[in-house]
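This report describes some features of one protein structure, arranged by topic. Please look over the sequence and the structure first.

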Amino acid sequence: MPPPKPADTVPPEVAAVSDYEPLACARMEPGAWAYYASGGADEITLRENRAAYDRLRLEQRVLVDFSRPGSTAVTLFGQTFEHPILLAPVAYHKLAHPEGELAVARGAAAAKAGMVVSTHATYPLEDIARAAGAPLWFQLYIKPDRGLTRELVERAERAGYRALVVTVDAPVTGVRNRQQRLHFKLPPGVAAVNLPGESPMGGYGAKPGTLAAGSLAQAPTWKDIAWLRSFTQLPILLKGVMAAEDAARAAAEGASGVVVSNHGGRALDTVPATIEALPRIAERVGGKIPLLVDGGIRRGSDVLKALALGASAVLVGRPYLHGLAVAGSAGVAHVIELLRGELEMAMILTGKKTLAEVDRTVFWRD
């Protein structure tokens with residue numbers, strides 16, 4: 001069963017985003033924790049997503065004139081956000097809190113954060129939009145049933161969602177050994193309610209013979225991105241891009257933006273950390289479309305590093321779920337507020353007043 005509802009108060013011992021993780025682990029059922037925490041195969045990429053940020057060194061500046069107010073505001077696809085920290089799409093929020101995505105939406109609104117709602121949400125996408133009280137983005141898996149896929153897009157449009165974030169890196173599920181060892185299955189009351197008839201969580205990775213079986217015949221291709229563009233006016237971002245060639249093609253094919261993502265280290269193991277892939281992609285795209293990045297962000301200084309290397313904004317996933325499990329919507333808001341405060345601190349100490357000023361000069365140069 002889902003865990004009991006946490007008290008919506010932030011524990012006094014939480015001083016940093018990472019402080020929520022052990023508290024959330026202690027609260028959650030082991031299988032559910034493995035679902036959120038696990039990476040692909042040996043979890044090398046999962047660890048690298050974090051470690052790569054730690055290897056980047058910042059250069060502190062002094063006596064900078066801050067007499068004029070600065071800002072962390074960013075405009076994406078005609079929408080202005082007070083800061084560049086968005087909530088990434090993650091499935092099955094009820095595993096962490098019985099109010100699931102509703103609590104997350106309220107926390108995001110309190111922290112002035114954009115939220116991307118998963119196709120595999122545990123509440124109807126319309127209910128989440130009402131709880132948020134502000135425009136959201138909708139994460140889309142292109143399903144074999146293209147009619148169902150189109151219906152999801154049209155529902156999102158009617159409910160006021162302002163962009164589509166199309167996950168493109170999951171034609172098969174990654175090998176998730178940590179989940180396999182616990183034989184994790186979704187508990188009663190936790191389901192992808194926006195996908196009627198969707199079977200419960202399946203296996204992990206491709207079975208022998210998958211390539212020859214023809215079962216990938218309905219997997220999405222570049223033609224499906226053109227198909228989406230043919231009937232929706234929403235901006236379309238492609239999430240899961242790690243190759244510069246794919247990012248360049250996304251721009252050429254009319255995508256509105258790209259999310260540099262390795263699925264939180266949950267898909268193909270031993271691919272690079274997202275922050276390592278970002279500079280090459282930014283150079284290839286050349287500012288034609290905005291780039292967002294996720295994976296491994298635990299400090300506001302990480303946000304600064306991502307912006308300096310070419311991102312317009314970042315998405316965080318596991319950290320806000322940890323906050324959700326511990327303190328409900330208050331925990332979600334607190335995670336974002338911690339990151340935002342640390343981002344502003346890092347900007348001040350590297351001498352940057354606005355996001356437009358953030359560039360590679362924030363890094364230590366040998």
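## A salt bridge across the sequence

Glu82 counts as partly exposed, because its relative accessibility is 40%. The model that shows this is a predicted one. The side chain of Glu82 meets that of Arg340 in a salt bridge, with 3.4 Å from N to O. Glu82 lies in the loop between β2 (79-81) and β3 (85-87) and Arg340 in helix α13, so the pair ties together parts that are 258 residues apart in sequence. Arg340 is partly exposed as well, since its relative accessible area is 22%, and partly exposed covers the range between 20% and 50%.

## Other salt bridges

The count of salt bridges in the model comes to 17. One of them joins Arg130 and Asp127, whose closest N and O atoms are 2.3 Å apart. Both residues belong to helix α5 (residues 125-132), where they stand three residues apart, or about one turn of the helix. Arg130 is exposed because its relative accessible area is 61%, and the cut-off for exposed is over 50%. Asp127 has a relative accessible area of 29%, so it is partly exposed.

Another salt bridge is formed by Glu253 and Arg249, with 3.1 Å between the closest N and O atoms. Glu253 counts as partly exposed at 26% relative accessibility, and Arg249 counts as partly exposed at 39%. In addition, Glu48, Arg55 and Glu276 are linked in a network of salt bridges.

## A nonpolar patch on the surface

Which residues form a nonpolar patch on the surface? They are Phe66, Met345, Ile348 and Leu349, and together they have about 330 Å² of accessible area. Met345 is found in helix α13, which covers residues 318-349. The relative accessibility of Met345 is 42%, so this residue counts as partly exposed. A residue needs over 30% relative accessible area to be part of a patch, and the 42% of Met345 is therefore enough on that point. Helix α13 is also the place of Arg340, the partner of Glu82 in the salt bridge described above.

## The internal cavity

The model has one cavity of 30 Å³ or more. The volume of the largest cavity is about 30 Å³. Which residues line the largest cavity? The lining consists of Gln79, Phe81, Leu86, Gly114, Met115, Pro135, Leu136 and Trp137.

By class, six of the lining residues are nonpolar and two are polar, with no charged residues. Gly counts as polar in this scheme, so Gly114 is placed in the polar class.

## Two residues with positive phi

Leu63 has a phi near 55°, which is a positive value in a residue other than glycine. The position of Leu63 is in the loop between α3 (44-55) and β1 (74-76). Is Leu63 buried or exposed? Leu63 is exposed, because its relative accessible area is 86%.

Tyr92 also has a positive phi near 55°, and this residue too is other than glycine. Tyr92 is found in the loop between β3 and α4 (100-110). Its relative accessible area is 7%, so Tyr92 is buried, the cut-off for buried being under 20%. In short, Leu63 is exposed, whereas Tyr92 is buried.

Methods. Residues numbered from 1 in each chain as written. Predicted model: local features only at pLDDT ≥ 70, side-chain atom pairs only at ≥ 80, totals over all residues. Heavy atoms only, no water. 1 Å grid on protein atoms, 1.4 Å probe; cavity = no way out; pocket = protein on both sides within 12 Å on 5 of 7 lines; lining within 4 Å. Points joined across faces, edges and corners; volume = space filled by probe spheres on them. Patch = residues over 30% accessible without salt bridge, like charges linked within 9 Å, V, L, I, M, F, W, Y side chains within 5 Å. Areas by Shrake-Rupley, 256 points an atom, 1.4 Å probe, with all protein chains shown as cover. Salt bridge = Lys/Arg side-chain N within 4 Å of Asp/Glu carboxyl O. Helix = DSSP H or I, 4+ residues; strand = E, 2+ residues; numbered from the N terminus. Buried < 20%, exposed > 50% of the residue type's maximum accessible area, 1.4 Å probe, protein only.
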